[in-house]
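Biologist: Before we use any of the labels attached to this model, I would like to hear the reasoning behind them, taken one at a time. Could you set each value against its cut-off as we go?

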Amino acid sequence: MKNILVTGGAGYIGSVLVRQLLEKGYKVKVLDELFFGGESLISIYNNPRFEFIKGDIRNKVTVQQVLFNVTDVVHLAAIVGDPACSNQPELANEINWKASKYLYDFCNEHTEIEHFIFASTCSNYGKMEGDVFLNEYSKLNPVSLYAELKVKFENYLLSNSIRDTFVPTALRFSTVYGLSPRMRFDLTVNEFIREIAFDKELLIFGEQFWRPYCHVEDLARSCVTILEAETNKVKQNVFGVGDTTENYQKKMIADEILKIVPNANIKYVHKDEDPRDYRVDFSKIKNELGFQITKTVPHGLREIYDLLKNDVISDPYSKNYRNI
Ligand SMILES: NC(=O)c1ccc[n+]([C@@H]2O[C@H](COP(=O)([O-])OP(=O)(O)OC[C@H]3O[C@@H](n4cnc5c(N)ncnc54)[C@H](O)[C@@H]3O)[C@@H](O)[C@H]2O)c1
């Protein structure tokens, strides 16, 4: 039976993924330093196939010990997002590059580990030139330390020579939204609808800029798709994760919000330039691995709106729901 290590498994994406893996019958270990608390793990904590290790991926001894008996690794632990990385550049470099590289090299040297999935990002594209859709073959143009470190790791994963039975894959995630046991309200869709649910004025900066979005359940499921794919299709390969129909300008998200709350108070602050403005074509993961999304941004907006209107989260403005 697979025994899958998820680093950062208490986080927004990880806590959804870990549940999916347990439902599939796999054994799951989570290594997480719990920067944002560990409540997301409570309801699975007693599952006999679940194991939690509180620790930091920068600790080499912890990494070596935790990999004992592990068959596959999904590496999510990171300093996440442009603001968090630019606020703590040294920490970002230590975790997102140095410690991640040590973990990867160690896995490459240990023959019992097959898959290594790296959580990369569509932020790597930066800005599209002209009105084109970007994909896995497009030139990358990272415009933040966060994206630079993701590109650096992707390049290492894709070009370094590895043992025959090692199957590393980089996944370029869309911007995520939706309900997770560890909520985040610093992500565009979740943040926009929170402001409206609390009758605040929503200020949108640069309403014309494009970005692809993906529900956290679909995004987590892409990791399961890789773990179960034919290894020759995913080995030292990169896939965007999302759906080509789910690219939105911020104004389009606002229009979807107005369908839920017609009198929503939305104001636009015009910006001529945004270094991150991209539309992505996700045909590769669909055509080569049969990956399909099940939810869309309008669905996610309603999901979060209902959650907040029903007071399920007592303080959605708490710092635990932000990565900065
Ligand atoms: N959320 C998005 O929109 C998005 C988009 C693209 C890529 N990603 C990538 O997906 C991954 C997960 O993102 P998320 O939104 O779930 O973030 P998150 O911040 O909710 O989760 C990250 C988890 O990693 C843990 N962690 C961080 N550094 C650690 C360390 N040194 N040792 C042990 N644990 C550590 C944190 O405690 C946290 O629980 C990240 O690699 C991120 O860059 C996220």
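Modeller: Helix α6 passes helix α11 in a right-handed crossing, and the contact is made by V189, N190, I193, R194 and A197 of α6 together with V297, G300, L301, I304, Y305, L308 and K309 of α11. Please bear in mind throughout that this is a predicted model.

Biologist: What makes α6 and α11 oblique to each other?

Modeller: Helix α6, residues 188-197, and helix α11, residues 297-309, pack at an angle of about 45°, with their axes 9 Å apart. Angles under 35 degrees count as roughly parallel and those from 65 to 115 as roughly perpendicular, with the values that fall outside the named ranges called oblique. The pair α6 and α11 is therefore oblique.

Biologist: Which classes of residue make up the contact of α6 with α11?

Modeller: By class, the contact of α6 with α11 has eight nonpolar, two polar and two charged residues. Gly is counted among the polar residues in this scheme.

Biologist: Why is α6 called mostly covered?

Modeller: Seven of the 10 residues of α6 are buried, namely V189, N190, F192, I193, R194, I196 and A197, where buried requires 20 or more other C-beta atoms within 10 Å. The buried residues of α6 pack against β8, β9, β10, α9 and α11.

Biologist: Helix α9 was just named, so what makes α9 oblique to α11?

Modeller: The axes of α9 and α11 come within 10 Å and cross at roughly 50°. That angle makes α9 oblique to α11, because neither the limit of 35 degrees for roughly parallel nor the range of 65 to 115 for roughly perpendicular applies to it. Helix α9 passes α11 in a right-handed crossing.

Biologist: Which residues of α9 and α11 meet, and how do they divide by class?

Modeller: In α9, I253, E256, I257 and I260 meet V297, P298, L301, R302 and Y305 of α11. The residues of this contact of α9 with α11 divide into seven nonpolar, no polar and two charged.

Biologist: What is notable about the phi of D199, and is D199 buried or exposed?

Modeller: D199 has a positive phi of about 55° although it is not a glycine, and it is found in the loop between α6 and β9. Most residues other than glycine have a negative phi. As for burial, D199 counts as exposed because it has 10 C-beta neighbours inside 10 Å, and the label exposed applies at 12 or fewer.

Biologist: Why does Q236 count as partly exposed?

Modeller: Q236 has 15 C-beta neighbours inside 10 Å, and since buried starts at 20 or more and exposed ends at 12 or fewer, a value in between is called partly exposed. Q236 lies in the loop between α8 and β11, and its phi is near 45°, a positive value in a residue other than glycine.

Biologist: How do you know that G14 is buried?

Modeller: G14 has 26 other C-beta atoms within 10 Å, and the label buried asks for 20 or more, so G14 is buried. The place of G14 is in helix α1, residues 14-23, and, not counting residues up to four places away in sequence, G14 touches V6, G8, G9 and L76. The C-alpha atoms of G14 and S40, 26 residues apart along the chain, are separated by 9.4 Å.

Biologist: And what makes T7 count as buried?

Modeller: With 27 C-beta neighbours inside 10 Å, T7 meets the requirement of 20 or more, and therefore counts as buried. T7 is placed in strand β1, residues 3-7, and, leaving aside its neighbours within four places in sequence, is in contact with L31, I57, H75, L76 and A77.

Biologist: Finally, how is the chain divided into domains, and how many residues does each give to the contact?

Modeller: The assignment divides the chain into domain 1, 3-176 + 214-241, and domain 2, 177-212 + 244-321, and their C-alpha centres lie 23 Å apart. The contact takes 34 residues from domain 1 and 30 residues from domain 2. On the side of domain 1 that touches domain 2, the largest share, five residues, comes from α7, and the residues of that side divide into 16 nonpolar, 13 polar and five charged.

Definitions and conventions
Residues numbered from 1 in each chain as written. Predicted model: local features only at pLDDT ≥ 70, side-chain atom pairs only at ≥ 80, totals over all residues. Helix = DSSP H or I, 4+ residues; strand = E, 2+ residues; numbered from the N terminus. Contact = placed C-beta atoms within 7 Å. Axes fitted to C-alpha atoms, helices over the stretch in contact; angles between N-to-C directions. Parallel < 35°, antiparallel > 145°, perpendicular 65-115°, else oblique. Left-handed = near helix turned anticlockwise from the far one by under 90°. Domains from an automatic or database assignment.
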